[in-house]
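Q: I'm new to this one and would like a close look at a single part of it. Could you walk me through the backbone in one loop, and then show me how that part fits with the rest?

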Amino acid sequence: MAAALISFSLLRNYTTTGRIVAGVRTSRGLCAHRSSINFLTPNRSPRYLCRASATHDEEAAAKAAAINADNGAPTIFDKIISKEIPSTIVYEDDKVLAFKDINPEAPVHVLVIPKFRDGLTQLGKAEQRHGEILGQLLYAARIVAEKEGILEGFRVVINNGPSACQSVYHLHLHVLGGRQMHWPPG
Ligand code: 5GP
């Protein structure tokens with residue numbers, strides 16, 4: 001029986017790295033696809049250097065993005081919500097928009113965002129009043145997984161803050177699947 005297990009790694013990851021990862025799995029491991037995972041591999045090929053550089057760039061960009069995180073300015077996602085910037089929409093209702101990530105890290109990589117940011121630049125800004133929309137976002141992630149045909153195994157990630165390489169300060173869930181995930185994430 002392929003009973004899905006919800007990974008309870010949410011809090012563990014958040015408290016240690018600021019990155020929140022939740023997974024649904026049918027068998028053993030989950031793992032992330034961030035390039036920094038290569039630091040864990042014993043045999044460092046020339047590819048390792050490229051990956052190290054990409055990780056450095058990603059970290060620098062994340063630090064820069066965090067500087068203006070709470071200035072109230074619109075983000076790229078506001079333009080996607082208003083359809084000013086085109087995106088491939090997977091699911092939409094009056095509160096939530098889900099669209100394909102422009103730079104996918106897996107065969108299925110969809111971002112789920114609240115249409116009204118309401119102070120939720122990142123999960124770390126959540127207050128009790130956000131409980132309803134946070135639940136709606138998670139439920140929308142499940143709808144996305146079903147629509148994309150990955151309901152039997154997928155991962156939901158929230159990058160929170162510069163140490164987790166958050167680059168857009170409008171709360172978003174990454175829904176990833178369509179390939180074997182591994183664990184631990186990078
Ligand atoms: P973060 O790094 O903040 O967790 O994730 C932001 C995500 O937004 C990245 O995965 C990035 O590829 C995605 N992204 C950034 N700009 C655009 C865009 O204009 N369109 C789409 N569809 N995705 C974007």
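A: Let's go to the loop between β5 (108-114) and α4 (131-147), which is where Asp118 sits. Keep in mind that this is a predicted model. What is the phi of Asp118, given that it is not a glycine? It is positive, at about 50 degrees. That deserves a second look because most residues other than glycine have a negative phi. As for its surroundings, Asp118 counts as partly exposed, because its relative accessibility is 30% and that class runs between the 20% limit for buried and the 50% limit for exposed.

Now follow the chain onward to the loop between β6 (154-159) and β7, and you'll meet Cys165. Cys165 is not a glycine either, yet it has a positive phi of about 65 degrees. Is Cys165 buried or exposed? It is buried, because its relative accessible area is 11%, and buried means under 20%. So Asp118 is partly exposed, while Cys165 is buried.

There's one more backbone feature to visit, in the segment after β7 (173-177), where Pro184 lies. The peptide bond leading from Trp183 into Pro184 is cis, with omega near 10 degrees. Again, there is a general background to hold this against: most peptide bonds are trans.

Let's step back to see where these spots belong. The protein chain has 4 helices and 7 strands, and reading along the sequence gives the pattern β-α-β-α-α-β-β-β-α-β-β. Of its 186 residues, 40% are buried. Among the contacts with a separation of 6 or more, 62% are between residues 24 or more positions apart. On the outside, the chain exposes about 10,400 Å², with carbon and sulfur atoms supplying 57% of that.

One last stop is a pair of side chains. The count of aromatic pairs comes to 1. Phe77 and Phe99 make up that pair, and they meet edge-to-face, with 5.5 Å from centre to centre and 75 degrees between the planes. Which parts of the chain does the pair link? Phe77 belongs to helix α3 (residues 76-81) and Phe99 to strand β4 (residues 96-100), so the pair links distant parts of the chain, 22 residues apart. Both rings belong to buried residues: Phe77 has a relative accessibility of 6%, and Phe99 has 2%.

Conventions:
Residues numbered from 1 in each chain as written. Predicted model: local features only at pLDDT ≥ 70, side-chain atom pairs only at ≥ 80, totals over all residues. Heavy atoms only, no water. Helix = DSSP H or I, 4+ residues; strand = E, 2+ residues; numbered from the N terminus. Buried < 20%, exposed > 50% of the residue type's maximum accessible area, 1.4 Å probe, protein only. Contact = heavy atoms within 4.5 Å. Areas by Shrake-Rupley, 256 points an atom, 1.4 Å probe, with all protein chains shown as cover. Phe/Tyr/Trp six-rings, centres within 6.5 Å; stacked < 30°, edge-to-face > 60°.
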